[in-house]
Amino acid sequence: MIKLSAAIFFIILICLSVAAQPAAEPRVFILNARRLAETRKSIVSGDKQYAAAPMKLERKAQQALGGGTFSVVTKAATPASGDKHDYMSQAPYFWPDPKKPDGLPYIRRDGERNPEINQISDHRSMDQMVAGVRTLALAFYLKGDEKYAAKAAQLLRAWFLDAGTRMNPNLQYAQAIPGVNTGRGIGLIETRGLADVVDSIGLLAGAKAWSREDQHGLEAWYEKFLQWMRESKNGRDEAAAKNNHGTYYDVQVVSFALFLGNKEFARNIIETAKQKRIAIQIEPDGRQPLELVRTKAWGYSNGNLDGLMLLARLGENVGVDLWSYETSDGRSIRRALEYLYPFAIGDQKWTYQQLGGFDGKSLFALMRRGAAHYQDQKFKAMMLRVPEIVPSDRQLP
């Protein structure tokens, strides 16, 4: 790819910003609308600290432009319903029983992914759709180029709206275990990326390619999916989960409720998370016992904490502060960060199981997010041990 000088890039940004009118502050809930608006202004003004990140985004957006669309109907397998519009997947940690001629029922090997799951493409297709829409929507918002919005709209319509390719708003057949069931509540972890799609939709506001009909269609889809999450057995099972599955159930429910304008319901879920998630999942010393028993204890501890921090971010939209919430015996998001920190920087050795190897660097992104909320001297001293982001790796908000 030909590299553009900073001056040429600056001129292109100015010209493109005239062609379309993204919202000044987009309607987003995980992303920070104010920071997005400030970043867009800084990029257009030629702020050098954002010189590398927009170019990296541009390359990813160009790749997404050249790709196709994604749909649940393209999978080779057919769910038990007989309708390929129903999302389906297979439980990743279940394998054929070697003691049975047909291998049924499958047995659990936690942390070991069965390659059979790749024969069903819905999970991979959804992840690709989410990533593509996120990249394109952000590129449109920051650059104002309608071609990015048009491609994002195409991806969204193919997955959610077009009669021939749309996904039915349920996860009845997600994470099935051969010989045991055709789907289970745990499968809801696979749609956590739909909260990112909500923000992407907000970034598309003002685009010519994104119509009022498209917006209403997506809202109707999310409303039906949220209803299924709340009323179905699978949804209720996931809501009752005490580990990371319950956390990401809440992330989705709150994000979807905010998207649909139900702030009071979203606020209630966030308030409930104080006791239902933080108080139950985190010990006074910061350990997360239900994640530590997994064969990838470090990864799951980081993953659940990531989810709790997403909930805290969502709580900012409804005036509920999970960042500083602490139980009477000291259980809190911050305490979970502080517990993991010595292992991340190498001061202590991780003694729990971690298949695939231990990578302390995975905590650094969470530490940086926490630093925006914990600004006392103790936390600032901790951050001195966390490497700064190099310009080429800077993430746009």
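With the whole chain in view, start from its overall dimensions: a compact globule of 397 residues would have a radius of gyration near 21 Å, and the chain has 22 Å, which agrees. The model is a predicted one, and its C-alpha atoms fill a box of roughly 65 × 55 × 45 Å along the principal axes. Colour by secondary structure, and 15 helices and four strands can be picked out. Of the 397 residues, 53% count as buried, and among contacts between residues at least 6 apart in sequence, 72% join residues at least 24 apart.

Next, select helix α13, residues 333–344. Its twelve residues should span 16 Å at 1.5 Å a residue, and the C-alpha atoms at its ends are indeed 16 Å apart. This helix is mostly covered, with eleven of its twelve residues buried, including Arg-334, Glu-338, Tyr-339 and Tyr-341. To see what the buried residues of α13 pack against, show α10 (263–281), α12, α14 and α15. After the helix comes Gly-346, whose phi is positive, near 90°.

Keep these helices on screen and move to α14, residues 364–371, where the buried residues are Phe-364, Leu-366, Met-367 and Gly-370. Turn the view until you look down the axis of α14: its buried residues fall within an arc of 155°, so they line one face of the helix. The cover over these buried residues includes α12 (297–315), α13 and α15 (377–383).

Now go to Leu-156, which has its place in helix α5, residues 146–161. Leu-156 is buried, with a relative accessible area of 0%, and, not counting residues up to four places away in sequence, it touches Val-133, Leu-161, Val-197, Ile-201, Leu-204 and Trp-210. Add Asp-214 to the selection and draw a distance from C-alpha to C-alpha: Leu-156 and Asp-214 are 58 residues apart in sequence but 8.9 Å apart in space.

From there, select Asp-199 in helix α6, residues 194–203. What is the nearest side chain of opposite charge to Asp-199? The answer is Arg-313, which is 6.8 Å away, and Asp-199 is buried yet has no salt bridge. Since a salt bridge needs a nitrogen and an oxygen within 4 Å, that separation is too long for one. Leaving aside neighbours within four places in sequence, Asp-199 is in contact with Val-28, Phe-29, Ile-30 and Leu-31.

The last stops are charged pairs, taken from a count of 26 salt bridges. Arg-134 and Asp-196 form one, with their closest N and O atoms 3.1 Å apart. This pair links distant parts of the chain, as Arg-134 is in helix α4 (residues 122–143) and Asp-196 is in helix α6, 62 residues apart. Both ends are partly exposed, Arg-134 with a relative accessible area of 36% and Asp-196 with 27%.

For a pair within one helix, select Glu-264 and Arg-267, whose closest N and O atoms are 2.5 Å apart in a salt bridge. Being three residues apart in helix α10, the two are separated by about one helical turn. An α-helix has 3.6 residues a turn, so residues three or four places apart point the same way.

Asp-97 and Lys-100 form another salt bridge, at 3.8 Å between the closest N and O atoms; here Asp-97 is buried, with a relative accessible area of 11%, whereas Lys-100 is partly exposed at 35%. Finish by selecting Glu-283, Asp-285, Arg-287, Asp-329 and Arg-331 together, which are linked in a network of salt bridges.

Note on methods:
Residues are numbered from 1 along each chain as its sequence is written. This is a predicted model: local features need pLDDT of at least 70, side-chain atom pairs count only at pLDDT 80 or more; totals for chains, interfaces and linings use all residues. Side-chain values use heavy atoms; hydrogens and water are left out. Buried means under 20% relative accessible area, exposed over 50%, partly exposed in between (1.4 Å probe, protein chains only). Lys and Arg count as positive and Asp and Glu as negative; His and the chain ends are not counted. Contact means heavy atoms within 4.5 Å. The arc is that of the directions from the helix axis to the C-beta atoms. The expected span of a helix is 1.5 Å times one less than its number of residues. The radius of gyration is taken over C-alpha atoms; the globule rule is 2.2 Å times the number of residues to the power 0.38.
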